[in-house]
Amino acid sequence: MAVKSARRAKSSQHRQISKPWIPTLFRNPKVASASALLVFDAVLTALIIAYVPYTKIDWDAYMSQVSGFLGGERDYSNLKGDTGPLVYPAGFWYAYSAIQYVTGSQVHPAQILFGVLYIVNLGIMLYIYVKTDVVPWWALALLCLSKRMHSIFVLRLFNDCLAMLLLHASLASFLHQRWHLGLIIFSGAVSIKMNVLLYAPPLLLLMLKAMDISGVISALFGAALVQILLGLPFIMSHPVAYISRAFNLGRVFIHFWSVNFKFVPEPIFVSKAFAISLLVVHLVLLAAFAHYRWCRHEGGVLKFLFSRLVSTKLKFALTNTRSYKALKKEHIVTTMFVGNFIGILCARSLHYQFYSWYFHTLPYLLWKTPFPSFLRVILFAGVELCWNVYPSNLHSSALLLAIMCSIAMDVPAVNMTSRAYVTFLAGNKDYVKGVLGLAKGLRKAKSQYPLVVAVLPDVPEEHRKILESQGCIVRDIEQVYPPENHQAEFAMAYYVINYSKLRIFNQCPEKVQWPTEVGSPPPPYFNAGMFVFEPKLSTYNNLLTFLKNTPPTPFAGQDLLNFFFRDVYKPIPSEYNFILAMLWRRPENVKIEALKVVHYCAAGQEENMEREDIKMLVKKWWDIYGDGSLDLKKVPVASLLAPVIDSEERTAPSAA
């Protein structure tokens with residue numbers, strides 16, 4: 001449906017004077033809050049370094065081990081320190097050799113260096129939080145309020161700090177769809193400490209969603225190459241010692257240092273059966289989350305993997321080009337954080353420095369739960385309290401596990417993949433612009449739900465890729481035809497194609513009740529441009545059966561829907577499906593500032609397209625469509641505009 005011949009006012013009349021970049025940058029309260037927190041925490045960290053005594057734990061052992069490495073030792077069985085043998089991959093050597101060179105093995109310069117690393121890491125996490133827009137601006141302060149985290153970075157100098165800094169940097173790369181670069185950084189983090197591999201299962205799933213199999217393989221090859229190059233001196237000389245010690249998955253930790261399972265009796269804690277049980281629980285939870293949460297809209301993890309296999313066969317048969325799909329930032333971060341959190345939950349022993357493995361994800365995960373904000377803050381404080389009890393005891397470890405279980409079980413409760421906006425697209429014309437405008441409009445409104453586009457086979461592959469690059473979920477549907485042996489004059493010739501919309505239209509009317517206090521219900525006819533429904537297979541089958549036995553009418557699918565749902569549908573407020581013709585047919589009922597969804601339908605009243613209110617609405621659409629900041633991926637969406645359109649005159653967009 002289209003609005004024709006709407007003249008856009010001269011750009012000079014609508015051009016706004018740009019404001020200075022600094023006020024614009026800080027107009028977002030989250031950006032201003034994040035900037036203030038960085039300054040505050042930099043001062044706080046400096047004060048901690050200056051006035052809080054350093055605690056000797058692993059620093060001397062690190063320096064002793066590095067000295068052996070720099071002295072030419074390449075046998076991992078001979079590389080030891082005060083706290084025992086070396087158990088980290090090769091990247092550790094290069095990182096701490098550089099640190100030793102910069103600091104001269106002195107503690108105070110190292111504290112200053114780790115203070116800088118702490119602030120850089122905090123900056124990366126604040127950037128991720130601002131980009132995902134899940135946590136309110138005031139709650140960002142929680143990232144700066146951990147006594148234990150400051151201690152891990154600037155009073156203990158653990159290698160966990162470097163590993164998590166690189167991990168968070170790789171996650172920032174993933175947000176920008178830089179999968180190859182991000183995986184190289186991720187591999188660098190693994191080379192410093194292996195706990196980063198807890199992120200590997202969700203990361204692999206995201207890569208399979210974002211890239212075709214050739215892209216996944218090339219990215220994995222780059223990551224493997226990093227490990228090989230870093231470990232080459234040890235692999236060439238003592239490969240068995242290196243692999244068995246640097247990648248030892250069977251280590252048994254001391255019960256005394258356990259923060260999470262201190263309530264488990266020590267004989268059980270150190271037993272192989274307990275370790276295997278936790279591993280089984282870990283794998284089951286990963287499979288359950290992958291199937292029911294992360295791949296929910298794909299029909300489950302098995303259907304998703306099968307679809308990737310089929311698409312891979314087709315691509316190898318038809319072309320050797322790679323395809324990429326832009327994933328939503330929130331989906332990437334949620335999947336990664338939850339996957340790591342599951343691993344933390346099932347870890348046999350969490351030492352105090354291991355808090356850094358997931359502390360920075362806690363506010364995000366808490367705000368993904370349905371809990372009220374005051375309870376989220378209480379749970380956050382409870383976790384922090386448990387990590388600051390030294391030594392841990394039965395009560396602190398049991399409380400910590402209980403809080404973590406409650407977070408893990410409630411994070412999926414607000415996963416929005418069970419709800420979506422759904423629209424319809426057919427043909428190779430400019431209707432794709434309408435869908436892109438809709439996608440960007442939903443993003444501007446900060447919608448929590450994805451946009452699913454049901455497409456007919458005649459939609460070009462190029463249009464499908466553009467839609468996917470903007471975060472749309474594209475789903476193929478079969479065309480629906482009106483009953484055979486029936487002739488009908490449609491109000492518009494193209495209305496016949498709207499029968500295919502029945503593939504996505506179902507209702508669950510028992511969830512909506514008409515309020516009696518507002519009087520009698522309106523006449524039983526609705527415009528099918530926008531409404532709320534719940535898919536239901538039985539309703540869908542009944543609807544298609546009804547179609548076969550119902551003669552076509554002038555308004556095609558819309559008439560059919562009204563006939564089928566005439567006794568059950570309930571109207572939504574008009575501002576959520578506003579039809580332009582109301583501006584001149586019922587102006588007394590229109591509050592233009594309250595409009596939420598504008599339906600650009602064919603009005604048949606060309607002279608009304610010159611109205612100032614309509615030109616204002618059309619301009620709003622073009623402003624959203626042309627706003628590059630709303631692009632999910634930096635592709636030239638605006639370049640889809642026909643080049644023949646003059647800068648001072650535009651036809652209003654088609655809307656699918």
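The loop between α18 (373-387) and α19 (394-410) is where P391 lies, and the peptide bond that leads into this proline from Y390 is cis, with omega near -10°. This comes from a predicted model, in which the protein has 25 helices and seven strands. Of the 656 residues of the protein, 48% count as buried, and among contacts between residues at least 6 apart in sequence, 76% join residues at least 24 apart.

**Backbone features in loops**

- The cis peptide bond runs from Y390 to P391, and P391 has its place between the helices α18 (373-387) and α19 (394-410).
- S105 is not a glycine, although its phi is positive, at about 70°; this serine sits in the loop between α5 (91-103) and α6 (107-132).
- With a relative accessibility of 27%, S105 falls into the partly exposed class, because that class covers values between the under 20% that counts as buried and the over 50% that counts as exposed.
- L157, another residue other than glycine, also has a positive phi, near 60°, and it is found in the loop that connects α7 (147-155) with α8 (160-175).
- The relative accessible area of L157 is 0%, so this leucine is buried.

**The contact of α10 with α14**

- Helix α10 (residues 200-210) and helix α14 (residues 272-294) have axes that come within 11 Å of each other and cross at roughly 35°, and the crossing of α10 and α14 is right-handed.
- On the side of α10, the residues involved are P201, P202, L205 and K209, which meet L286, A290 and W294 in α14.
- Sorted by kind, the residues of this contact between α10 and α14 comprise six nonpolar, no polar and one charged.

**A buried aspartate in α3**

- D41 belongs to helix α3 (residues 29-51), and this aspartate is buried yet has no salt bridge.
- The nearest side chain of opposite charge to D41 is that of K147, 15 Å away, whereas a salt bridge requires a side-chain nitrogen of Lys or Arg within 4 Å of a carboxyl oxygen, so K147 does not qualify as a partner.
- When the neighbours within four places in sequence are left aside, the residues in contact with D41 are Y118, I119, L122, C144 and H150.

Methods
Residues are numbered from 1 along each chain as its sequence is written. This is a predicted model: local features need pLDDT of at least 70, side-chain atom pairs count only at pLDDT 80 or more; totals for chains, interfaces and linings use all residues. Side-chain values use heavy atoms; hydrogens and water are left out. Helices (H or I, at least four residues) and strands (E, at least two) are DSSP runs, numbered from the N terminus. Buried means under 20% relative accessible area, exposed over 50%, partly exposed in between (1.4 Å probe, protein chains only). Axes are lines fitted to C-alpha atoms, for helices over the stretch in contact, and angles run from 0 to 180 degrees between N-to-C directions. A crossing is left-handed if the near helix is turned anticlockwise from the far one by less than a right angle, and right-handed if clockwise. Contact means heavy atoms within 4.5 Å. Ala, Val, Leu, Ile, Met, Phe, Trp, Tyr, Cys and Pro count as nonpolar, Asp, Glu, Lys and Arg as charged, and the others, Gly among them, as polar. Lys and Arg count as positive and Asp and Glu as negative; His and the chain ends are not counted.
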